[in-house]
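Here's a quick tour of one chain, from its overall fold down to a patch on its surface. Have the viewer open as you read.

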Amino acid sequence: MALEIEIARKAFRLADRGERIVFDRFSLSVAEGSIVALLGPSGCGKSSLLRIIAGLDTDFSGVVTNRPARVGMAFQEPRLLPWRSVADNLRLAAPGLTDEALAALLAAFELEGRGGDYPGQLSLGLARRAALARAFAVEPELMLLDEPFASLDRALHLRLRALLAQRIGAKKITALIATHDLDDALLLADEIIFLEPAPARIRGRLPIPAPRGSRDENLTKLRASAAIYQVNDAPGNGNSEGAT
Amino acid sequence: MTRIVSLCLFVALWQVGALLLGPRYLPEPMAVAATLLAEARSGALAFNLGVTLARVLAGFSLAMVIGSALGVALGRLTWLDRLVDPWLVIVLNTPALVVIMFAYIWGGLNEVSALAAITLNKLPNAVVTLREGARALDPALDEMAKVFVFSRLRRWRHVVAPQLAPYFAAAARGGLALVWKIVLVVELLGRPNGVGFKMNEAFQLFDLRLLLAYALPFVALMILVESFVLRPAERSASWWRRHGA
């Protein structure tokens with residue numbers, strides 16, 4: 001069953017008594033098992049949308065239907081419990097996790113031997129990987145990733161993206177990935193949803209039929225296919241050819 | 001090492017002071033030690049110290065348990081906080097002596113009134129500290145727990161309790177110092193035993209040796225509790241901070 005999001009209205013109250021409307025008659029349907037990238041400039045409501053889908057934000061008029069029971073989420077920050085080891089952080093989120101499954105997960109995210117470490121001992125890149133491993137640990141039917149590569153250096157960004165592409169393709173899960181980086185969207189998603197700045201509207205949907213494994217070499221062609229949506233990249237995020 | 005030197009210096013100054021002032025104003029350390037020994041032999045010292053310590057522990061535990069529960073509730077529920085906060089300010093600013101007198105007048109000169117007075121004097125302090133702790137709870141971790149469907153117990157044990165632990169430890173440390181001073185006043189005003197009672201007796205006889213013979217072991221006991229129970233407990237409450245940033 002497809003995940004259906006209907007938001008009649010969502011606004012944030014501002015300090016000066018005004019309000020900022022983030023969604024106004026917004027609707028989105030995500031087919032079961034498809035991986036969707038939400039692409040748009042910072043502040044266009046991507047995070048708000050993920051929080052509404054996750055059930056963290058209920059202060060809106062509208063409804064989310066067919067939200068599966070098991071949801072995995074990676075926030076913009078790792079949000080690990082600093083007083084529990086990496087392994088315990090995973091176990092707490094996924095109580096049924098066996099020792100073998102835990103070891104396999106840590107290995108998949110290149111965290112071998114770090115299970116006993118505390119989050120404070122990890123670099124940001126490692127902490128993010130631990131947070132992603134935690135999201136996968138619950139064997140989610142729905143995966144929500146909020147800017148999973150934000151504030152990582154370029155090399156780490158690429159490695160983690162490759163890791164995620166491999167991981168996400170291996171299991172049949174519905175996933176929404178919020179990003180402002182066109183390449184991330186092109187390499188990870190089955191479909192890209194281009195969002196306009198708030199109040200968010202869908203400017204266009206771009207399906208990507210090419211298999212994930214072969215996208216790296218066709219990246220230039222893929223970028224060209226997205227050009228009709230006039231993606232304006234924030235400077236310094238690594239996509240030099242995305243903009244028209 | 002410096003601490004030992006400092007302590008020796010303290011005793012030396014005391015000796016000099018005693019020689020200058022005379023036994024009427026400051027008895028010599030050896031004279032106090034003799035009285036202390038005599039009280040210890042008769043069993044009176046151990047009994048009174050024990051009674052006082054029991055009151056300190058009972059009042060302290062009661063205040064910490066009730067105060068923590070109330071403090072966390074106030075930190076989480078804004079409406080309750082608005083309702084209770086003025087009362088809290090009143091109790092915080094009521095002199096301990098007044099609370100003790102009311103307790104004795106209303107409840108009679110008994111152990112229950114004494115315990116109530118001790119608890120009430122410490123309570124607002126614990127409430128305020130734990131309220132700060134509850135207000136400082138990280139909403140980001142709360143959301144994480146929600147997304148990953150932590151059970152209530154799991155959330156309290158692994159998300160909330162570790163965040164409150166440093167506040168609890170701080171309340172406990174400040175609390176003990178407060179409680180034992182109050183216990184002495186409570187005993188002085190209305191109990192027939194305990195260190196406070198003995199001090200009152202010493203005061204009425206102007207017996208400085210007896211006063212010091214009870215004051216010193218009591219202070220020593222509290223310092224021991226502070227440095228061997230409370231401080232390690234506080235350290236272990238935030239042990240994870242030492243693992244990197």
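## Burial and fold

A residue counts as buried when its relative accessible area is under 20%. By that cut-off, buried residues account for 40% of the 245 residues in chain B. Keep in mind that this is a predicted model.

As for secondary structure, chain B has ten helices and zero strands, so there's not much suspense in the pattern along the sequence: α-α-α-α-α-α-α-α-α-α. Lined up on the principal axes, the C-alpha atoms of chain B fill a box of roughly 70 × 50 × 30 Å. Take the contacts in chain B between residues at least 6 apart in sequence, and 73% of them link residues at least 24 apart.

## Surface and charge

Chain B exposes about 13,700 Å², with carbon and sulfur atoms supplying 71% of that area. On the charge side, chain B carries 23 positive and 14 negative charges, and the mean positions of the two sets sit 5 Å apart.

## The nonpolar patch

Which residues make the nonpolar surface patch of about 810 Å²? They are Leu97(B), Val98(B), Met101(B), Phe102(B), Ile105(B), Trp106(B), Leu188(B) and Leu189(B). Two elements of chain B each give two or more residues to the patch: helix H5 (96–107) and helix H8 (152–190). H5(B) provides the largest share, six residues.

Zooming in on one member, Leu188(B) belongs to helix H8 of chain B. Is Leu188(B) buried, exposed or partly exposed? Leu188(B) has 39% relative accessibility, so it counts as partly exposed.

Key: Residues are numbered from 1 along each chain as its sequence is written. Chains are lettered from A and ligands numbered from 1 in the order in which they are written. This is a predicted model: local features need pLDDT of at least 70, side-chain atom pairs count only at pLDDT 80 or more; totals for chains, interfaces and linings use all residues. Side-chain values use heavy atoms; hydrogens and water are left out. Helices (H or I, at least four residues) and strands (E, at least two) are DSSP runs, numbered from the N terminus. Buried means under 20% relative accessible area, exposed over 50%, partly exposed in between (1.4 Å probe, protein chains only). Contact means heavy atoms within 4.5 Å. Accessible areas come from the Shrake-Rupley method with a 1.4 Å probe; for residues, only the protein chains shown count as cover. Lys and Arg count as positive and Asp and Glu as negative; His and the chain ends are not counted. The place of a charge is taken as NZ of Lys, CZ of Arg, CG of Asp or CD of Glu. Patches are made of residues with over 30% relative accessible area and no salt bridge: like charges are joined within 9 Å, nonpolar side chains (Val, Leu, Ile, Met, Phe, Trp, Tyr) within 5 Å. A salt bridge is a side-chain nitrogen of Lys or Arg within 4 Å of a carboxyl oxygen of Asp or Glu.
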